[in-house]
Amino acid sequence: MATIAALAFQPVKARAEATLWGFVGHWSVYTDAVDTFGCYAERTYRDATFLTVGLSRQAGDHYVYLTLANAKWTFLKEDKANTLRLKFGSSPTIKLSAKTIVAGGVPQILAIIDRLDFLDEFQKHDTLRINLDGSDVATLKLDRATDAFSEVRDCQTMMTEGTKRSLEAGSDPFAKTPLAEPQDDPFAKPLSQTSPDDPFAKPPASSASDDPFAKKP
């Protein structure tokens, strides 16, 4: 599992090596084939809060990362450990370990989540309340998040298949030719049981071939 300090990118703005995948409402979706080898969605709010949520396959690790930034948060100190509490709608609060980093002179919070289905929380709720070290710092609307993170999943599927195709055949990694579903997809949902009080608990997949990034009906 990657540590927060191991992430060597600047999530406060679109990274130079990132490629725009598309727009969904106020959200922008990008691919990053250099730093995280994954896809992410980002959005800037009227109060200047900047949110980025994405998937990473960096150095063989697979996880979700979340960053929050606002130039007004001058109380944040670089390299400081933080406690981040997220409340999606009326669901139970999620407590995360985070760290303050500074990019482009802007302080931001970075958290790594080892549950890949964390993206589902953005698709199930309309609001996100953010508490940092015991203080409420923002309440964000998640309108069009369902569509935005469906695009992130589609983007990640394309990147995963494209990487496999490129390694095996040396072809264009983004060619749209058919590809058999890989059995070693690192983002496949586990079949193991989760505890009843797990806010991310999901029923077991019906089969090993279910695509975790497929758009929901």
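# Exercises on a predicted model

Glu-121 has a relative accessible area of 3% and is buried. The structure is a predicted model, and the exercises below work through its salt bridges, sheet, disulfide and cores.

## Exercise 1. A buried acid

Find the salt-bridge partner of Glu-121 and place both residues in the secondary structure.

Solution.
- Step 1. The side chain of Glu-121 meets that of Lys-124 in a salt bridge, with an N to O distance of 3.3 Å.
- Step 2. Both Glu-121 and Lys-124 belong to helix 1, which covers residues 119-124.
- Step 3. Three residues separate Glu-121 and Lys-124, about one turn of the helix.
- Step 4. The burial class of Glu-121 follows from the cut-off: buried means under 20% relative accessible area, and Glu-121 has 3%.

## Exercise 2. Two further salt bridges

How many salt bridges does the structure hold? Describe the pairs Lys-99 with Asp-79 and Asp-147 with Arg-144, with the exposure of each residue.

Solution.
- Step 1. The count is seven salt bridges. Side chains of opposite charge can pair when their charged atoms come close.
- Step 2. Lys-99 and Asp-79 form a salt bridge at 3.8 Å, N to O. This pair links distant parts of the chain, with Lys-99 in strand 7 (residues 94-103) and Asp-79 in the loop between strand 5 (63-69) and strand 6 (81-88), 20 residues apart.
- Step 3. Lys-99 is partly exposed at 21% relative accessible area, whereas Asp-79 is exposed at 52%. The cut-offs used here are under 20% for buried and over 50% for exposed.
- Step 4. For Asp-147 and Arg-144 the closest N and O atoms are 3.0 Å apart. Asp-147 is partly exposed at 37%, and Arg-144 is partly exposed at 43%.

## Exercise 3. The sheet

In what order do the strands of the open sheet lie, and which strands stand at the edges?

Solution.
- Step 1. The sheet has 10 strands in the order 1-2-3-4-5-8-7-6-9-10, and the pairing is antiparallel.
- Step 2. The edges are strand 1 (18-24) and strand 10 (135-141). Each has a single partner strand, so one side of each is left without a neighbour in the sheet.
- Step 3. From one strand to the next, the twist averages 25°.
- Step 4. Six bridges pair strand 6 with strand 7 in the antiparallel sense. Arg-85 has Lys-95 in strand 7 as its bridge partner.
- Step 5. Strand 9 (residues 127-132) and strand 10 run antiparallel and are joined by six bridges. Leu-128 has Leu-140 in strand 10 as its bridge partner.
- Step 6. The hairpin of strand 9 and strand 10 has two residues between the strands, and Asp-133 there takes a positive phi near 50°.

## Exercise 4. The surroundings of Asn-82

Is Asn-82 buried or exposed, and which residues does Asn-82 touch beyond four places in sequence?

Solution.
- Step 1. Asn-82 lies in strand 6.
- Step 2. At 4% relative accessibility, Asn-82 is buried.
- Step 3. The residues touched by Asn-82, beyond four places in sequence, include Leu-96, Ser-97, Ala-98, Lys-99 and Thr-100, and also Leu-132 and Asp-133.
- Step 4. The C-alpha atoms of Asn-82 and Thr-100 are separated by 7.1 Å, although the two residues are 18 residues apart along the chain.

## Exercise 5. The disulfide

Which residues does the disulfide join, and which parts of the chain does the pair tie together?

Solution.
- Step 1. The structure holds one disulfide. Cys-39 is joined to Cys-155, with an S to S distance of 2.0 Å.
- Step 2. Cys-39 lies in strand 3 (residues 38-44) and Cys-155 in helix 2 (residues 145-169), so the pair ties together parts that are 116 residues apart in sequence.
- Step 3. The angle about the S-S bond is -75°, and the link is left-handed.
- Step 4. Cys-39 and Cys-155 are both buried.

## Exercise 6. The nonpolar cores

Which members of the largest nonpolar core touch the most other members?

Solution.
- Step 1. The largest nonpolar core has 39 residues, of which Leu-66, Leu-84, Phe-122 and Phe-149 touch the most other members.
- Step 2. Helix 2 gives the largest share of this core, six residues.
- Step 3. Beyond its neighbours within four places in sequence, Leu-66 has contacts that include Leu-51, Val-53, Leu-84, Leu-86, Ile-113, Phe-118 and Phe-122.
- Step 4. A second, separate core has eight residues, among them Tyr-30, Tyr-63, Tyr-65 and Leu-110.

Technical notes: Residues are numbered from 1 along each chain as its sequence is written. This is a predicted model: local features need pLDDT of at least 70, side-chain atom pairs count only at pLDDT 80 or more; totals for chains, interfaces and linings use all residues. Side-chain values use heavy atoms; hydrogens and water are left out. A disulfide is a pair of cysteine sulfur atoms within 2.5 Å. Helices (H or I, at least four residues) and strands (E, at least two) are DSSP runs, numbered from the N terminus. Buried means under 20% relative accessible area, exposed over 50%, partly exposed in between (1.4 Å probe, protein chains only). A nonpolar core is a set of buried Ala, Val, Leu, Ile, Met, Phe, Trp, Tyr and Cys residues joined through side-chain atoms within 4.5 Å. Contact means heavy atoms within 4.5 Å. A salt bridge is a side-chain nitrogen of Lys or Arg within 4 Å of a carboxyl oxygen of Asp or Glu. Two strands pair if DSSP finds at least two bridges between them. Axes are lines fitted to C-alpha atoms, for helices over the stretch in contact, and angles run from 0 to 180 degrees between N-to-C directions.
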